[in-house]
Structure formats: C-alpha cells, structure tokens
Amino acid sequence: MAGWPRGAEVTLFDEAVEAICAGVCRWAGVPLTGPANRAMTADLVAMVDGFATLGPRHWRARRARGRAQARLGALVESVRRGDATAPPGSALAAVVEHRDVDGEPLDRELAAVELINVIRPTVAVGWFVTFAAHALHRWPRHRAALADGDPGFATAFGHEVRRFYPFAPFVGGLAVGDLTFRGVPIPAGAMVLLDVYGQDHHPDLWPDPYAFRPDRFVGRAIGEFDLIPQGGGDPRTGHRCPGEAITMAVLTLLATRLARLDHRVPDQDLRIPLHRMPTRVRSGFRLTVDGSGPMS
C-alpha cells in the first residue's frame with residue numbers, strides 16, 4: 001500500500017496476490033523479487049484459478065505448475081550443491097534436509113511440489129482479501145469497527161467473509177469402498193460432492209444466511225462441521241485445510257488495513273459469477289487511493 005501512488009487506480013486482486021506471494025516466499029526461504037516474484041505470482045494464480053476446471057484454464061494451470069516446479073526444483077538443487085543457502089527453520093530448509101525412512105532425500109520434483117504446497121494456498125488468500133474489500137464496499141457500516149482493530153470483530157469479519165463468499169462452491173472425492181450414507185448406497189469409485197456453498201448458507205445453521213452479518217461469529221466457537229469454506233472435520237484426520245488458521249491471520253490483517261485505507265471505488269463490474277469455479281470479482285476490484293478526506 002505504501003507504494004500505491006495517491007490518486008492512481010489499482011486492481012486489488014492483482015496487488016494482493018503479488019504482495020502475499022512475496023511475503024510467503026520470503027518466509028519460506030525462496031528468494032524472489034521484482035520480475036521473478038511477478039512471474040511466480042502469475043503461475044500460482046493460474047494454478048488456483050484452474051482448480052476443478054476443464055479446458056483452457058486447466059491447461060494453463062498445468063503449464064504454470066510445470067514452470068513453478070522447474071524453478072523451485074532448480075533452487076533445491078542449487079542449495080544442495082552449496083551454490084545457494086536455505087535460511088534455518090524455513091520451508092526450503094525443511095524440504096532440502098528431509099530424509100525418508102531409508103535416509104534418502106526427497107527427489108527434486110517432489111521437493112518442488114512440497115514447496116508449492118506451502119506457497120500456492122497462501123497466495124489463494126488473495127481471493128478472500130478481494131471478497132473482504134467487496135464486503136466493505138457493499139456494507140460500509142462494518143468498516144469503522146474493523147478499522148478500530150478489535151481482534152474479536154476482525155476474526156468475526158474474516159469468518160463471515162469465508163462463509164458468505166463462494167471461493168470453492170463444492171469439493172469432491174471418490175468413494176474408496178462401498179458405503180451407505182443415511183440409507184443411500186454409494187458404490188466404490190463413485191464421485192461424492194460436498195456442497196460447500198449450500199452448507200455455508202443453510203438456514204438451519206445460519207439464520208438469514210444471505211445477509212452479511214459478522215456479528216453472528218462474535219463469541220461463537222467454530223465447529224468441525226458447521227463452517228466449512230476450507231473443508232470439514234479435524235485437519236489432522238479429516239478433509240479440512242491445515243492452513244485455515246494462517247488464512248484467517250492473513251485475511252484479518254489485510255482486511256483491517258483495507259478498512260483503514262482512504263480510498264474510493266470507481267464504477268466497475270463487481271458481480272461475482274456463481275457458475276465460475278473458483279469464482280472471483282469480475283473487475284478484480286479496482287480502487288482509487290485518496291491522499292486525504294473521509295473514507296468512502
């Protein structure tokens with residue numbers, strides 16, 4: 001934000017994913033700056049944008065994954081040769097130093113995949129940051145409370161953004177064996193879909209589910225099977241994202257900074273198509289940074 005020129009228009013989605021990519025790569029021990037960071041950001045965004053898709057986006061995601069794996073694999077090999085260093089305690093160091101049960105290191109490709117599995121989902125938080133800006137624009141009454149820095153309200157706001165906005169409308173998997181769920185037979189190999197959007201908007205769980213109300217999460221503990229924007233169950237044993245706490249930390253921090261930013265939202269296409277997966281704000285959410293004056 002400090003580098004955004006006053007009076008200029010920026011596209012929040014593009015800025016958010018690039019900033020998050022730079023931050024998580026620095027944390028992971030992957031040295032990327034300038035054009036290298038922008039190239040990695042573009043590939044990571046393509047990977048996330050190709051999630052559960054067919055056609056051009058799927059193939060763009062595959063090509064992007066290949067480029068990212070090649071870059072990170074080369075970095076791993078460089079560290080092993082001694083041509084580069086991995087900061088102690090970093091994800092890069094953990095991948096380089098890991099040994100399997102036979103004492104063998106990870107091969108280059110698998111090491112690169114493990115690094116991508118740390119970096120890619122963190123960059124995906126940029127989707128939620130853009131949704132947070134969309135929510136603050138549509139319901140500006142929440143802006144002052146978020147800007148005040150109350151961590152309880154910031155957490156509630158972050159949960160409501162993840163509940164209300166459909167990043168991943170559903171997740172799927174194959175049944176590994178014959179089973180029955182509530183009297184319905186599911187044969188082995190059948191595709192089972194979890195309706196994430198329906199669950200997170202079910203009126204039995206969320207009164208007035210299509211209203212954006214962060215207060216519904218104030219003082220409320222999150223159960224394993226109620227709010228499931230990133231999967232359900234225990235992340236240690238079930239299909240729930242183990243990075244959910246990191247998502248919330250990044251989202252609440254950046255949403256609070258957005259609430260404090262003096263800016264205007266010009267006319268644009270702010271629709272969020274529900275037929276697209278993963279969906280996003282069509283315009284990327286453009287904003288104009290003001291130097292002074294009231295927040296709008």
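**Close-ups of a predicted model**

At 11% relative accessibility, His159 counts as buried, because the cut-off for that label is under 20%. The views below all come from a predicted model.

**View 1. His159 sits in helix H8.** Leaving out residues up to four places away in sequence, His159 touches Phe217, Ile222, Leu227 and Met248.

**View 2. Next up is Glu160, which also has its place in helix H8.** Is Glu160 buried or exposed? With a relative accessible area of 0%, Glu160 is buried. Its contacts, again not counting residues up to four places away in sequence, are Ala211, Phe212, Arg213, Pro214, Arg216 and Phe217.

**View 3. Here is the whole of helix H8, residues 151–164.** From first C-alpha to last, the 14 residues of H8 reach 20 Å, close to the 20 Å expected at 1.5 Å a residue. H8 is mostly covered, with 11 of its 14 residues buried. Among the buried ones are Phe153, Phe157, Val161 and Phe164, along with the charged-type names Arg162 and Arg163. What does the covering? Helix H6 (125–138), helix H7 (143–147), helix H9 (196–199) and helix H10 (244–260) are included in what covers the buried residues of H8. Look at the start of H8 as well: a side-chain oxygen of Asp150 comes to within 3.1 Å of the backbone nitrogen of Gly152.

**View 4. A nonpolar patch lies on the surface.** Phe170, Leu174, Met191 and Leu193 make this patch, which covers about 430 Å². Strand E2 (170–174) and strand E5 (191–195) are the elements that give two or more residues to the patch. Phe170 is found in strand E2, and at 34% relative accessibility Phe170 counts as partly exposed.

**View 5. Two residues that aren't glycines have a positive phi.** For Arg182, phi is about 50 degrees. You'll find Arg182 in the loop between strand E3 (179–181) and strand E4 (184–186), and Arg182 is exposed, with a relative accessible area of 77%. For Asp208, phi is also about 50 degrees. Asp208 lies in the loop between H9 and H10, where Asp208 is partly exposed at a relative accessible area of 48%.

**View 6. A cis peptide bond leads into Pro278.** Which residue comes before Pro278 in this bond? The bond runs from Met277 to Pro278, with omega near -10 degrees. As for where to look, Pro278 is found in the loop between strand E6 (263–264) and strand E7 (286–289).

Technical notes. Residues are numbered from 1 along each chain as its sequence is written. This is a predicted model: local features need pLDDT of at least 70, side-chain atom pairs count only at pLDDT 80 or more; totals for chains, interfaces and linings use all residues. Side-chain values use heavy atoms; hydrogens and water are left out. Helices (H or I, at least four residues) and strands (E, at least two) are DSSP runs, numbered from the N terminus. The expected span of a helix is 1.5 Å times one less than its number of residues. Buried means under 20% relative accessible area, exposed over 50%, partly exposed in between (1.4 Å probe, protein chains only). Contact means heavy atoms within 4.5 Å. A polar contact is a pair of N or O atoms within 3.5 Å; within protein, one must be able to donate a hydrogen and the other to accept it, and residues adjacent in sequence count only if both atoms are side-chain atoms. Patches are made of residues with over 30% relative accessible area and no salt bridge: like charges are joined within 9 Å, nonpolar side chains (Val, Leu, Ile, Met, Phe, Trp, Tyr) within 5 Å. Accessible areas come from the Shrake-Rupley method with a 1.4 Å probe; for residues, only the protein chains shown count as cover. A salt bridge is a side-chain nitrogen of Lys or Arg within 4 Å of a carboxyl oxygen of Asp or Glu.
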